[in-house]
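Student: I should like to learn how the descriptive terms for a protein model are justified. May I ask about them one at a time?

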Amino acid sequence: MKKQLSVLIPCYNSLCHDEVKSVWQQLTEYNLHASNKVEWEIIVIEDGSTDETTLKENAKIALLENVRYIPRKENVGRAAVRNLLAHEAKYEWLLYMDSDVCVEHNTFIKKYIESTDNIVVGGVRIFGNVMKLSNNLRYLYEKKASGKHTRTERQEHEHREFRTTNFLIARDIIFECPFDESFKSYGYEDVLFGKTLHDKGYPVKHISNPVTIIDYEDNATFVNKTEESLRTLHQFKDQLKDYSTLLKYATWTRMSCLSPLLMIAYKIFGKTIRKNLAGNNPRLSWFNIYKLLYYLSL
């Protein structure tokens with residue numbers, strides 16, 4: 001059982017008031033009924049958010065007891081802000097959560113508090129109106145991929161399946177294995193962190209304790225973010241070797257001398273495929289193909 005807990009939420013232009021309120025209520029209620037009370041806090045850092053409406057709404061969480069809201073004008077990136085949160089925390093156990101998720105299960109906090117492992121990953125649930133989201137690329141992609149990310153599948157590849165969406169970790173481990181702050185752009189900082197834990201010999205326990213994704217960006221934004229993450233992958237390809245399926249495919253195409261043909265295909269069809277993926281009726285079957293072609297073009 002964890003006797004101290006700091007809930008840490010990095011935020012960038014996303015509403016997190018309801019999420020924080022849900023976690024706050026669960027922590028408060030846990031201490032009302034538990035024989036062993038838990039010391040706790042919630043810290044939210046706005047990492048250079050620019051949306052004024054979001055900033056105004058999120059600022060309300062500072063009115064809650066044991067909640068610290070820290071707005072920052074400069075965006076330092078997903079890796080650096082998580083390290084900063086660890087240094088701001090005053091308790092020995094850290095529960096990291098993304099800011100754009102929903103907490104649905106009333107035992108969410110309880111499962112983490114009563115866990116006996118040093119690193120625990122809860123997983124993600126994909127939810128949404130299928131009819132309304134039938135043409136949303138991210139929803140379609142996440143929904144299809146979710147079947148490959150069951151608790152059993154995640155545990156089988158415990159370090160490669162590490163994700164920062166919601167996970168519990170000892171603060172001392174973060175200090176020993178901080179997130180690599182050379183990751184300035186979007187993507188893959190969590191994958192490298194999982195590799196670092198493996199290299200340091202820290203086991204990762206995967207449990208069924210998901211947060212829920214209910215808000216999905218539009219197709220054009222998702223394609224832009226995907227391309228940014230692929231540029232990150234290309235930049236850190238040596239460090240991420242064996243931790244990316246896409247890198248394996250890219251290596252295979254080069255060894256098979258297929259890269260020149262695929263680059264010709266990208267030049268001819270790349271813009272057309274991208275237009276479809278960013279449009280109103282994307283073909284999911286083209287998404288992974290486009291990712292490989294775009295990566296090879298780098």
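Student: Where along the chain is the place of T165?

Tutor: T165 is in the loop between α6 (151-156) and β7 (166-170). Before we continue, note that this is a predicted model, in which local features need pLDDT of at least 70 and side-chain atom pairs count only at pLDDT 80 or more, while totals for chains, interfaces and linings use all residues. Residues are numbered from 1 along each chain as its sequence is written, and side-chain values use heavy atoms, with hydrogens and water left out.

Student: What makes a run of residues a helix or a strand?

Tutor: Both are DSSP runs, numbered from the N terminus: a helix is H or I over at least four residues, and a strand is E over at least two.

Student: Why is T165 called buried?

Tutor: Buried means under 20% relative accessible area, exposed means over 50%, and partly exposed lies in between (1.4 Å probe, protein chains only). The relative accessible area of T165 is 14%, so T165 is buried.

Student: Which residues does T165 touch, not counting residues up to four places away in sequence?

Tutor: T165 touches Y96, M97, D98, V101, V124 and V211. Contact here means heavy atoms within 4.5 Å.

Student: How does one classify N66 and C257 by their accessibility?

Tutor: N66 has 36% relative accessibility, which lies between the two cut-offs, so N66 counts as partly exposed. C257 has 59%, which is over 50%, and therefore counts as exposed. N66 is found in the loop between α2 and β3, and C257 lies in the loop between α10 and α11 (259-278).

Student: What is notable about phi in N66 and C257?

Tutor: Most residues other than glycine have a negative phi. Phi of N66 is near 70°, a positive value in a residue other than glycine. C257 is likewise not glycine, and its phi is near 60°.

Student: What makes strand β1 an enclosed strand?

Tutor: Strand β1 covers residues 4-11, and eight of its eight residues are buried, so β1 is largely enclosed by the rest of the structure. In a regular strand the side chains alternate between the two faces of the sheet. Here Q4, S6, L8 and P10 point one way, L5, V7, I9 and C11 point the other way, and all are buried.

Student: How do you know that β1 and β2 are paired?

Tutor: Two strands pair if DSSP finds at least two bridges between them. Eight bridges join β1 to strand β2 (residues 39-47), so the condition is met, and the two run parallel. The bridge partner of C11 in β2 is E46.

Student: What makes the crossover from β1 to β2 right-handed?

Tutor: A crossover has this name if, with the strands pointing away from the viewer, the path from the first strand over the helix to the second runs clockwise. The chain crosses from β1 through helix α1 (residues 17-33) to β2, and this β-α-β crossover is right-handed.

Student: Which other strand does β1 pair with?

Tutor: β1 pairs with strand β4 (residues 93-97) in the parallel sense over three bridges, and S6 stands opposite L94 in β4.

Student: Why are β3 and β8 said to stand at the edges?

Tutor: The open sheet has seven strands in the order β3-β2-β1-β4-β7-β5-β8, with mixed pairing. β3 and β8 (205-206) each have a single partner strand, so one side of each is left without a neighbour in the sheet. For β8, two bridges join it in parallel to strand β5 (residues 119-121), with V120 opposite K205.

Student: How does the reach of α1 agree with the expected span?

Tutor: The expected span is 1.5 Å times one less than the number of residues. α1 has 17 residues and reaches 25 Å from its first C-alpha to its last, close to the expected 24 Å. For α8 (residues 189-200), with twelve residues, the reach is 16 Å, close to the 16 Å expected.

Student: Why is G194 called buried?

Tutor: G194, found in α8, has a relative accessible area of 0%, which is under 20%, so G194 is buried. Leaving aside neighbours within four places in sequence, G194 is in contact with H159, F162 and Y243. Its C-alpha and that of E161, 33 residues apart along the chain, are separated by 7.6 Å.
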